Amino acid sequence: MFAEIQLSGFSDEIDENFDRQMAVIPKLSMRYIEIRGVDGKNIADLTDEELQAVREKLDKAGVSVSSIGSPIGKIDITDDFAPHLEKFRRVMEMAKVLGTRYIRMFSFFMPQGGDPADYRGEVLRRLRVMIEEAEKEGLILLHENEKGIYGDTALRCADLMKELYGEHFKAVFDFANFIQCGVDPKDAYELMRPYVAYIHIKDARMADGSVAPPGMGDGSLPLLLGKFKASGYKGFLSLEPHLTNFTGLGSLEKEAQERHTALTGEEAFTLAHDELEKILETL
């Protein structure tokens, strides 16, 4: 086992109902969640009153927030940035209320058929604005590699990190998302390890990009988690199974694949949790 890691996860994949999420997470002996969906609403859309209610339910369940699973940076690079920046500022306020320094975010969708290189300058400009604001608030932005954004391949993720990496901008490593971009996670590891501060546990198959329980796809999770351990990784392993058609899936992926499974959200999340535990026991 890792000496200094904590398990977390996107609990909205258990159920859209937040009370149900808070019932299941402690059953799995987990003390953290990466908060994204609450009662069918994205975290960024909660009112002050709803946010306070979430905080009270977290406290009652003995659960803390590892990161805000925000939608920041998940708009087209050609969209107006000003209103999105206001949403980002709202998410920063939420992070402080929920007691986390981490905000998961992205580097903007590229136009269909466009050359990402043409938009690199604007991507960097927008990210620098957000990083500067995060620094003022003492928060850390975690860039996730995601299909279709500027930082989807390992090469472009590394490009962003070489330009912007620092105390307030670090990398998430998502095995399945690299696979779905045609990148072998083993190659991504070699490029990204110096910058990784957070890990998403999601596996997929290289043949068709379909998601799989941890260790059952082509993500080389046992091998790479072993490498992370040997390199001294300390931080969160956050379950993001994507094994069911949970509420909000369609808004998370531009071309979301329907999940054909008889598993409930709780069963799928528990399966992913248990398979990860099996991997960790071997390390």
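# A guided tour of the predicted chain

With 283 residues, a compact globule would be expected to have a radius of gyration near 19 Å, and the protein chain has 18 Å, which agrees. The model you have open is a predicted one. Display the whole C-alpha trace before selecting anything, and along its principal axes you will find spans of about 45 × 45 × 35 Å. Coloured by secondary structure, the protein chain shows ten helices and twelve strands. Of its 283 residues, 56% count as buried, and the accessible surface comes to about 11700 Å², of which 48% belongs to carbon and sulfur atoms. If you draw the contacts with a sequence separation of 6 or more, 76% of them are accounted for by residues 24 or more positions apart.

**Stop one: helix 3**

Select residues 81-98, which form helix 3; at 1.5 Å a residue its 18 residues should span 26 Å, and the end C-alpha atoms are 25 Å apart, which agrees. At the N-terminal end, add aspartate 80, which caps the helix through a side-chain oxygen placed 3.2 Å from the backbone nitrogen of alanine 82. At the other end, just after the helix, glycine 99 takes a positive phi of about 75°.

Now show the side chains of Phe81, His84, Leu85, Phe88, Arg90, Val91, Met92, Met94, Ala95 and Leu98, which are the buried residues of this helix. An α-helix has 3.6 residues a turn, so residues three or four places apart point the same way. Which elements do the buried residues of helix 3 pack against? They pack against strand 2 (32-35), helix 2 (48-61), strand 5 (64-69), strand 6 (102-105), helix 4 (120-137) and strand 7 (140-144).

Before leaving the helix, pick lysine 96, which also has its place in helix 3 but, at 44% relative accessibility, counts as partly exposed. The side chain of lysine 96 makes a polar contact of 2.6 Å with the side chain of glutamate 137. A distance label from lysine 96 to leucine 139, C-alpha to C-alpha, should read 8.6 Å, although these two are 43 residues apart in sequence.

**Stop two: the nonpolar cores**

Next, highlight Ile35, Met130, Phe173, Met192, Ile199 and Leu225, which, of the 76 residues in the largest nonpolar core, touch the most other members. The largest share of this core, eight residues, comes from helix 3. A second, separate core of eight residues can be coloured differently, and Tyr32, Leu142, Val172 and Ala197 are among its members.

Two residues of the larger core repay a closer look. Methionine 130 lies in helix 4 and is buried, with a relative accessible area of 0%. Leaving aside neighbours within four places in sequence, methionine 130 is in contact with Ile72, Phe81, Leu85, Phe88, Met105, Phe108 and Leu141. Leucine 141 is eleven residues from methionine 130 along the chain, and their C-alpha atoms are separated by 8.5 Å.

Moving to isoleucine 199, and again setting aside neighbours within four places, select its contacts, which are Phe173, Phe175, Leu225, Phe228, Tyr233, Phe236, Leu237 and Ser238.

**Stop three: lysine 202**

Centre the view on lysine 202, in the loop between strand 9 (196-201) and strand 10 (203-204). Is this lysine buried or exposed? At 2% relative accessibility, lysine 202 counts as buried, because the cut-off for that class is under 20% relative accessible area. Its side chain is joined to that of aspartate 174 by a polar contact of 2.7 Å. Not counting residues up to four places away in sequence, lysine 202 touches Glu144, Asp174, Phe175, Ala176, Asn177, Glu240, Pro241 and His242.

**Stop four: helix 5**

Select helix 5 (residues 154-164) and show its buried residues, namely Ala154, Cys157, Ala158, Asp159, Leu160, Met161 and Leu164. The buried residues of helix 5 pack against helix 4, strand 7, strand 8 (169-174), helix 6 (175-179) and helix 7 (185-192).

**Last stop: two serines in loops**

Finish with the backbone angles of two serines. Serine 29 sits in the loop between helix 1 (18-27) and strand 2, where its phi is near 60°, a positive value in a residue other than glycine; at 65% relative accessibility, serine 29 counts as exposed. Serine 220, in the loop between strand 11 (211-212) and helix 8 (221-230), has a positive phi of about 55° although it is not a glycine.

Methods:
Residues numbered from 1 in each chain as written. Predicted model: local features only at pLDDT ≥ 70, side-chain atom pairs only at ≥ 80, totals over all residues. Heavy atoms only, no water. Helix = DSSP H or I, 4+ residues; strand = E, 2+ residues; numbered from the N terminus. Expected span 1.5 Å × (residues − 1). Buried < 20%, exposed > 50% of the residue type's maximum accessible area, 1.4 Å probe, protein only. Contact = heavy atoms within 4.5 Å. Polar contact = N/O pair within 3.5 Å; in protein donor to acceptor, adjacent residues only side chain to side chain. Core = buried A, V, L, I, M, F, W, Y, C linked by side-chain atoms within 4.5 Å. Rg over C-alpha atoms; globule rule 2.2 N^0.38 Å. Areas by Shrake-Rupley, 256 points an atom, 1.4 Å probe, with all protein chains shown as cover.
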